[in-house]
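Here is a friendly walk through some side-chain and helix contacts. Have the structure open beside you as you read.

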Amino acid sequence: MSILLRRIYDENKTLGGHRVLVDRVWPRGISKEDAELDEWLKEIAPSPDLRKWFDHDPAKFNTFKEAYRKEIKDNSEAQSKIQELKAVAADKRLILLFGAKDKEHNHAVVLKEIIEDK
């Protein structure tokens with residue numbers, strides 16, 4: 001299973017693979033053509049309330065992570081999308097794209113863990 005996390009603003013498109021934007025909000029300054037996405041899965045992004053509460057505060061990350069995992073677990077559509085991403089990752093490189101500046105404390109990190117879970 002090959003899953004890469006990349007900030008969409010820094011992304012190197014020569015990596016190849018299935019490119020998925022996992023943010024609920026489209027990243028500013030990036031055109032849809034320039035993004036060269038295979039999918040935009042806003043359905044698996046954190047809820048607006050959770051995203052606003054977290055506000056990319058590293059001190060809140062563990063609590064955010066638990067709440068986000070619960071949101072995914074309680075959402076059948078999100079569960080279905082996760083299964084689809086697992087299938088893609090089993091077959092080819094999966095690139096999860098996000099807009100957050102903090103590359104260690106964001107929802108894409110949690111999504112990668114969820115997809116890699118057995």
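Lys-60 lies over the face of Trp-53, 4.9 Å from the ring centre. This is a predicted model, and a second lysine is placed in a like manner: the charged end of Lys-42 sits over the ring of Trp-40, at 4.0 Å from its centre.

Trp-40 is worth a second look. At 23% relative accessibility, Trp-40 counts as partly exposed, because buried would require a value under 20%.

Now to the rings themselves. A pair of aromatic rings is described by how far apart the centres are and by the angle of the planes. How many aromatic pairs does the structure hold? There are five, and two of them are set out here.

| Pair | Centre to centre | Angle between planes | Arrangement |
|---|---|---|---|
| Trp-26 and Trp-40 | 5.0 Å | 75° | edge-to-face |
| Phe-54 and Phe-64 | 4.2 Å | 15° | stacked |

Trp-26 belongs to the loop between strand 2 (18-21) and helix 1 (32-35), while Trp-40 is in strand 3 (residues 39-40), so this edge-to-face pair ties together parts that are 14 residues apart in sequence.

The phenylalanine pair joins two helices. Phe-54 lies in helix 2 (residues 48-54) and Phe-64 in helix 3 (residues 61-73), so the stacked rings tie together parts that are 10 residues apart in sequence. Are these two partners buried or exposed? Phe-54 is buried, with a relative accessible area of 2%, and Phe-64 is buried as well, at 1%. Both also take part in a wider group, as ring pairs link Phe-54, Phe-61, Phe-64 and Tyr-68 into a cluster.

Further along the chain, we come to another helix contact. The axes of helix 4 (residues 76-91) and helix 5 (residues 107-116) come within 9 Å and cross at roughly 75°, which means that helix 4 is roughly perpendicular to helix 5. Which residues meet there? From helix 4 come Ile-82, Leu-85 and Lys-86, and from helix 5 come Leu-111, Ile-114 and Ile-115. By class, this contact has five nonpolar residues, one charged residue and no polar ones.

Finally, turn to the start of the chain. Ser-2 is found in the segment before strand 1 (3-7) and is partly exposed, with a relative accessible area of 29%. Ser-2 and Ala-90 are 88 residues apart in sequence, yet their C-alpha atoms are 7.3 Å apart in space. Beyond its neighbours within four places in sequence, Ser-2 is in contact with Ala-89, Lys-92, Arg-93 and Leu-94.

Notes
Residues numbered from 1 in each chain as written. Predicted model: local features only at pLDDT ≥ 70, side-chain atom pairs only at ≥ 80, totals over all residues. Heavy atoms only, no water. Axes fitted to C-alpha atoms, helices over the stretch in contact; angles between N-to-C directions. Helix = DSSP H or I, 4+ residues; strand = E, 2+ residues; numbered from the N terminus. Parallel < 35°, antiparallel > 145°, perpendicular 65-115°, else oblique. Contact = heavy atoms within 4.5 Å. Nonpolar A, V, L, I, M, F, W, Y, C, P; charged D, E, K, R; others polar. Phe/Tyr/Trp six-rings, centres within 6.5 Å; stacked < 30°, edge-to-face > 60°. Buried < 20%, exposed > 50% of the residue type's maximum accessible area, 1.4 Å probe, protein only. Lys NZ or Arg CZ within 6 Å of the ring centre and 35° of its normal.
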